[in-house]
Amino acid sequence: MATNSLTEWNDDRTIPNREETRSSEKFIKPAVNIIETEEGLTLTADVPGAAKDALEVNVEKGILTISAPVTRSMPGNPTYSEFELASYYRQFSIPESLDHEKAKADLFNGILTLRVPKAEVAKPRKIEITVS
Amino acid sequence: MANWDVFRELDNLRREIDEAFRGAGIHRRPLASAFLSPVTSRRFPLVNFSEDEGHVYIDALVPGVDPKDTDLTVLRNAITISGERKPFIEKRGQIVHRSELGSGKFSRTLELPTDINPDKIKAEYRDGILRVILAKAEHAKPKKIEIKLS
């Protein structure tokens, strides 16, 4: 199974993948939910701090890339810190049966929702059985 | 040793042990990318503090939490952030490929580093981050003292 596959069965693999070794810059792998329905695929990701205009979602050669630079800083001197914001970056390989042209991305309250409908041919079809 | 309280000591010990083991165990996502996910237990939202001469700033990571459903209360020098992150709608007949986002009710109380003026608190929510701006109480602000030459 490819490391960037849609369904990740083996969550605790330790092989560094492209996302981690990509560059010396720090990246955060956003947590995602991927839900498939008959209509298509819905991806939900936590990207707090990412601005709408800087967010990039693209599909190229079956690879979905989400990247969002984060530029937010706090006023004053930091005194206590539990999280550090960095750019978000994550890739998935997604099946060809999806209609990438009709994909819709939406960012609301720090959550990215991406809807990719299935191509007509890939939708389940009900076949009527006529009793003769 | 005048006010040594065995119960308080035990409580402190328990807290220290909790702190030591927090985050230990399953280190699947070393970067804190999973907010309120099943792997990160407790500690939600994550916060950052900063301060300048007159203010204390708190940034809390609350993606997907409706600011209308978030409660912010201040009592003396403790601030409580509570609310709920709505579960992501589950439909029938869907296939879940990945489920890394957590949901549920949360409440976190934070102790403020200085006394603050409870009438001057502002909170704003943008892109999943809640920023609380608290004005320091007059007596907690640094005061400049003139030095006179004699």
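Which residue of strand 5 of chain B does E36(A) stand opposite? In this predicted model, E36(A) stands opposite I95(B). The strands concerned are strand 2 of chain A and strand 5 of chain B, residues 95-99, which pair in the antiparallel sense over four bridges.

**Contact between the chains**

The two chains meet through 35 residues of chain A, which are in contact with 37 residues of chain B. On the side of chain A that touches chain B, the elements giving two or more residues are strand 2 (32-36), strand 3 (40-46) and strand 6 of chain A. By character, the residues of that side divide into 16 nonpolar, 11 polar and eight charged.

**The five-stranded sheet**

Strand 6 of chain A also takes part in an open sheet of five strands, whose order is 6(A)-1(B)-2(B)-8(B)-7(B) and whose pairing is antiparallel. Strand 6 (77-81) of chain A and strand 7 (116-126) of chain B stand at the edges; each has a single partner strand, so one side of each is left without a neighbour in the sheet. On average, and with direction ignored, neighbouring strands of this sheet are turned by 20 degrees against each other.

Three of the antiparallel pairings within chain B are listed below.

| Strands of chain B | Bridges |
|---|---|
| Strand 1 and strand 2 | five bridges |
| Strand 2 and strand 8 | seven bridges |
| Strand 7 and strand 8 | seven bridges |

Individual residues give the register of these pairings. Between strand 1 and strand 2 of chain B, S50(B) stands opposite Y57(B). For strand 2 and strand 8 of chain B, A60(B) stands opposite L130(B) in strand 8. Towards the edge formed by strand 7 of chain B, the bridge partner of E124(B) is R131(B) in strand 8. Strand 8 of chain B spans residues 129-136, and strand 1 of chain B spans residues 47-51.

**Strand 2 of chain B**

Strand 2 of chain B lies between strand 1 and strand 8 of chain B in the sheet order. With strand 1 of chain B, strand 2 of chain B forms a hairpin that has three residues between the two strands. How far is strand 2 of chain B, residues 55-61, enclosed by the rest of the structure, and why? Five of its seven residues are buried, so this strand is largely enclosed by the rest of the structure. A residue counts as buried here if 20 or more other C-beta atoms lie within 10 Å of its own.

Note on methods. Residues numbered from 1 in each chain as written. Chains lettered and ligands numbered in written order. Predicted model: local features only at pLDDT ≥ 70, side-chain atom pairs only at ≥ 80, totals over all residues. Pairing = 2+ DSSP bridges. Axes fitted to C-alpha atoms, helices over the stretch in contact; angles between N-to-C directions. Contact = placed C-beta atoms within 7 Å. Nonpolar A, V, L, I, M, F, W, Y, C, P; charged D, E, K, R; others polar. Buried ≥ 20, exposed ≤ 12 C-beta atoms within 10 Å, placed from the backbone.
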